[in-house]
Amino acid sequence: MSTSSSAFHTNINDVRVLPILEVKRETYTVKSIIFEDYLCSHANPGQYAMVWIPGVDEIPLSISLMGENESCRVTVKKVGDATSALHKKTIGESIGVRGPYGNHFDLVKGNVIVVGGGTGIAPIIPLIQRLFQIGSDLTLIVGYKNSNELLFYEEAMSLLRGEGKLLVTTEDGSRGFQGFPTDLLSEEISTDSFDMVYTCGPELMMKKVFEISENNGVELQASLERYIKCSIGVCGQCVLSPLGIRVCVEGPVLKSSILRELDDFGVFSRNSSGKKIHLQ
Ligand SMILES: Cc1cc2nc3c(=O)[nH]c(=O)nc-3n(C[C@H](O)[C@H](O)[C@H](O)COP(=O)(O)OP(=O)(O)OC[C@H]3O[C@@H](n4cnc5c(N)ncnc54)[C@H](O)[C@@H]3O)c2cc1C
């Protein structure tokens, strides 16, 4: 693996060492980091980058914007060492970037419904941008704990330009509907006819989204999160039982046909040593 700046890289496995161009606070616990990278700026919605924080770790982060002039954005919630180190980064400091990795959401032109929860809304932004571009009818449900955590709510609203339907839920009722995004999904799916459901967010939420979609005969594409180490399908850290699906290469986006076969979905994850742990 070689390391250098973005220019002239055509191999996604090369680590590009890139200056941070902008850091934006999105909510109390979430920041976005903007950099320029040719390869990641041509990613498809749902793909992720491996972001190396020198001296700390390398972690997977969804690409939350593929902008013009090779600009890219990752959006990160502070949960541990690597994410805290990223939160301390300032303009001009460098990060390493590999990727984009993984598969992506398949775009369906039709009547589609997208359900995002928490930081799972990060990969949903480029998804709704592309769905809108191909002329799909969009219903977007975004769920948050409370009104201090409204990640990308304004951005989603401006992307929909008043043409799609945007519904917001908070657990404490401080904005929109009080409850879970799945409560509104149940209502919407029983009163309208959808060609596809898309989701990204906490796995227990996505499991519920899957059950509702199955009960209503609508196909689903869900973006799963697992502890990813190598990102190239070698280490086996992110495999799902019993199919041996590697989230890093065959995922992160999995369709209903696969989700139906998985024992792990909504039940087990794996910790850093690969040991199965119950999802809570
Ligand atoms: C495909 C994919 C896309 C993701 N996109 C985003 C995103 O857009 N924004 C965001 O905030 N987070 C995202 N994550 C989760 C993010 O990678 C973890 O929060 C981060 O790695 C935690 O690192 P840490 O050192 O700060 O925390 P730790 O203290 O090391 O761990 C905190 C939690 O993160 C999990 N974790 C730690 N390292 C990894 C890793 N290498 N891969 C996956 N999980 C890990 C741990 O199991 C634990 O549950 C994504 C994960 C995957 C797999």
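1. A residue is called buried when its relative accessible area is under 20%. By this cut-off, five of the five residues of strand β13 (residues 196–200) are buried, so β13 is largely enclosed by the rest of the structure. The model under discussion is predicted, and the remarks below should be read accordingly.

2. The side chains of β13 deserve attention next. In a regular strand the side chains alternate between the two faces of the sheet. In β13, M196, Y198 and C200 point one way, while V197 and T199 point the other way. Both sets are buried.

3. Which strands does β13 pair with? On one hand, strand β9 (residues 111–117) is joined to β13 by five bridges, and the two run parallel. Within this pairing, T199 of β13 has V115 standing opposite. On the other hand, four bridges link β13 to strand β14 (residues 220–223), again in a parallel arrangement. Here V197 has L220 of β14 as its bridge partner. Between β13 and β14 the chain passes through helix α6 (residues 203–215), and the resulting β-α-β crossover is right-handed.

4. Two peptide bonds that precede proline call for a check of omega. The bond from S241 to P242 is cis, with omega near 0 degrees. P242 is placed in the loop between β15 (239–240) and β16 (245–246). The bond joining G251 and P252 is also cis, and its omega is about 10 degrees. P252 belongs to the loop between β16 and β17 (253–255). A colleague inspecting the backbone will thus find β16 named as a boundary of the loop that holds P242 and of the loop that holds P252.

5. Positive phi values outside glycine form the next topic. N69 has phi near 55 degrees, a positive value in a residue other than glycine. E70, likewise not a glycine, has a positive phi of about 65 degrees. N69 lies in the loop between β6 (57–66) and β7 (71–77), and E70 is located in the loop between β6 and β7 as well.

6. Are N69 and E70 exposed, partly exposed or buried? The relative accessibility of N69 is 65%, so N69 counts as exposed; the cut-off for that class is over 50%. E70 has a relative accessibility of 33% and therefore counts as partly exposed. These two loop residues may be set beside β13, where five of the five residues are buried.

Definitions and conventions: Residues are numbered from 1 along each chain as its sequence is written. This is a predicted model: local features need pLDDT of at least 70, side-chain atom pairs count only at pLDDT 80 or more; totals for chains, interfaces and linings use all residues. Side-chain values use heavy atoms; hydrogens and water are left out. Buried means under 20% relative accessible area, exposed over 50%, partly exposed in between (1.4 Å probe, protein chains only). Two strands pair if DSSP finds at least two bridges between them. A crossover is right-handed if, with the strands pointing away from the viewer, the path from the first strand over the helix to the second runs clockwise.
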